Amino acid sequence: MTDGAIPVIKDHIMVKEGLNKSSFFVIIILYEGDDGMYVKVLIETRVKSNNMTFTYHVSKDACNNIIGKRVLVPFSNRIVEGFVLDYEEKPDDIDVKGVLKVIDEEPVLNTELINLGKFMSERYLCSLIYTYQAMLPKALKANHKTSAKVKTKTYVKLNENISHDGVKTKAQLEIIKFLTNNKSVLKSEIKSRSSLKKLIEKNIVIEFNKEVYREVSGTVDLKTITLTKKQQEVSNKIKQALNNALVYLLYGVTGSGKTEVYIDVVKEVLKQGKEAIILVPEISLTPQITARFKGIFGNDIAILHSSLSDGERYDEFRRINRGEVKLVIGARSAIFAPLKNIGIIIIDEEHSESYKQENNPRYNTLDIAVKRSLTHKCPVILASATPTIESFARAKKGYYEYLELDKRVNDKPLPKVKIVDMKKEIRKGNKLFSSELIESINDRLNKKEQVMLLLNRRGYANYLTCPSCGYVFKCPNCDITLTYHKTSGMMRCHYCGYAEVKKDVCPSCKEKIREVGSGTQMIEEEVKKMFSSAKVIRMDADTTSKKGSHFKIINDFNDRKYDILVGTQMIAKGLNFPLVTLVGVINADQGLNIPNFRSSERTFSLLDQAIGRSGRADRKGEAIIQTFNPEHYSIVCASNHDYKGFFAKEMFIRKKLNYPPYCFITLIKISSKDFDYGINEAKKVSLYLRKELSDKTRILGPSMASVLRVNKNFNFQVILKYKKDEKLYLTLNNLLKIYEGNSKIKIELDFNPINL
């Protein structure tokens, strides 16, 4: 057709929109003579491993800057949202449907994030759409049911085009004078509402709505920072390499002042006009580290973590995307912050397992950080008092640059640690608390100091059982016992969320049931009984489920409103309480009983980190470890603050058993609601891998997973151990295609998994 010709409609269909029972869209399938463009749109289809994009037509007015935006498009007999990833040439000899609506005013995915999603899809063999969904806050995901709401407030200002000479009343004149000195003010700030209403009616004052961001609450720590000689040396080494894509491992004992080094380096990054990302593993750490940084950098900070409301995350993401902040602090997902000129990425407490996503896409934050550092040519800092075995091994081999802070600030001593053998204490009648721990708690309370007690298990009792017939209350959906939570009177499954009211008698023989094991609720209850004058607070997943609860507990304990803090592993990392001089570990063996090659590493890390919360200020610290295995090397090394000694012992064992860092591991999970079908398919998977992969790749299994049944699905696994296998990705990708569309079986891949 020639220019200016009238478009000819080729076809159309009617599709129900779904939000309103009587509303319909008329979808026009490409018509001739349109002068728009064609785009590739990625949508979520039922074929999860399919990364195919679909071609749509977009009008000329809408195609400007459309890459990275969400659009509403027809797909089959549905209307769905998708991401525009690229422009496309006009397809030959096929009809193309048109984009119904461009949802975003500005792209939600920039070019780097689009490429990063493709990298993740290839690296973890996962659906491309899932990688982009993982990057975005809920309000910006491609999901038609989710709407993004902009928060607005009503403002007023003088209309400069209208004379106000005729205004006579005193109240109105005061409003005009106030607005003359202020360009615009919140309508709520004007006291005389009736006078303001009349001025608005006369068009002398204009009323308008203006977008405002939802404020993320938090405190400000104005403490001044003076670096020690050692801290300054470490900081200078990093600052000298700010324009290089290097990975640094900063090993620093607890209390050595790693945060101060971060602040000094970030100052230089911002001075150079660049941006910074600081990651922390737990939401509980965010308030303290944010307060430190706000005290130095003001409000030029965005916060990203799962405890924020949907609206707060939406606003924080857009502040970053619009270039209104230079520093992002947050948990794992903050690694996807859409900054344009990153100067440094810092991963605090890099040993934490929370940096590995456990559902699809199963990404490792370190992989993403390294990829972004290559794009921006900036360093990545991994910092911890207990680095992962893999990270420390890479540093020793020279793959990472190594930095060390081997002493606490101002040479403060590390806490004195006592190991208590609970086998002997139980013979004395002490089941939960040893004599040494009770005596030390009383001593600290008398000195007006604070105590932290760690037990890495929430709930009241581990499980409920009948002492007569042996009946145990189990989850009907999972192969696991129910944990008793006394505060709610419920027995809960920590895998699928199933809950039922506690039973007092055995449903089998009607005898009275017995509580076995202990959780943080029981410890809290017993502490309150034994130390009646002490103020006790508990911090675990149950007490921190409400918004702002982490922040409140940490602040209240820091403000000396409580004497004793009882908690799970979330109290063991990174927190700084000046008056804490005693840390008690109730059951140090708990992690050692988990069937995982990382169990000793996890135990050492948890103990060393927990011990490090004690004596961080002017008063000397102490820690008491209660254990049934007082000679286990992870416990002995933790009591001696000997990370390097633990590393040597653990590496010896890993080498003998051929575990990371001496190999890589990929876990193939096979799930089915039918046990027999699942185990048979798991055998087929194992045989297929043995046939296709290199002889150097060791294939273990199939075997039953550590928890056989979760949420009514039976779980099996095959484990691959390898150093290098060029056939690996092709073979695994083909395996996924074999089971694509099979609703009776689910195959999932986990590269370098945390749990086996």
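Is I653 buried, partly exposed or exposed, going by its relative accessibility? The close-up views below, all taken from a predicted model, take up this residue and then two further sites.

**View 1. I653 and the nonpolar surface patch.** The residue I653 lies in helix α17, which covers residues 643–657. Its relative accessibility is 33%, and I653 therefore counts as partly exposed, since that class lies between the cut-offs of 20% for buried and 50% for exposed. Together with F652 and L657, I653 forms a nonpolar patch on the surface, and the three residues have about 290 Å² of accessible area together.

**View 2. The buried face of helix α14.** Helix α14 runs over residues 549–558, and its buried residues are S549, H550, I553, I554, D556 and F557. Seen down the axis of α14, these buried residues fall within an arc of 165 degrees, so they line one face of the helix. The elements against which the buried residues of α14 pack are helix α7 (286–297) and the strands β19 (450–454), β25 (536–539), β26 (564–567) and β27 (580–585). Just after α14 comes R560, which takes a positive phi of about 70 degrees.

**View 3. The surroundings of T520.** The residue T520 is found in helix α13, which spans residues 520–530. With a relative accessibility of 0%, T520 counts as buried. When its neighbours within four places in sequence are left aside, T520 is in contact with L455, R457, R458 and G459, with R538 and D540, and with V566, G567 and T568.

Conventions:
Residues are numbered from 1 along each chain as its sequence is written. This is a predicted model: local features need pLDDT of at least 70, side-chain atom pairs count only at pLDDT 80 or more; totals for chains, interfaces and linings use all residues. Side-chain values use heavy atoms; hydrogens and water are left out. Buried means under 20% relative accessible area, exposed over 50%, partly exposed in between (1.4 Å probe, protein chains only). Helices (H or I, at least four residues) and strands (E, at least two) are DSSP runs, numbered from the N terminus. The arc is that of the directions from the helix axis to the C-beta atoms. Contact means heavy atoms within 4.5 Å. Patches are made of residues with over 30% relative accessible area and no salt bridge: like charges are joined within 9 Å, nonpolar side chains (Val, Leu, Ile, Met, Phe, Trp, Tyr) within 5 Å. Accessible areas come from the Shrake-Rupley method with a 1.4 Å probe; for residues, only the protein chains shown count as cover. A salt bridge is a side-chain nitrogen of Lys or Arg within 4 Å of a carboxyl oxygen of Asp or Glu.
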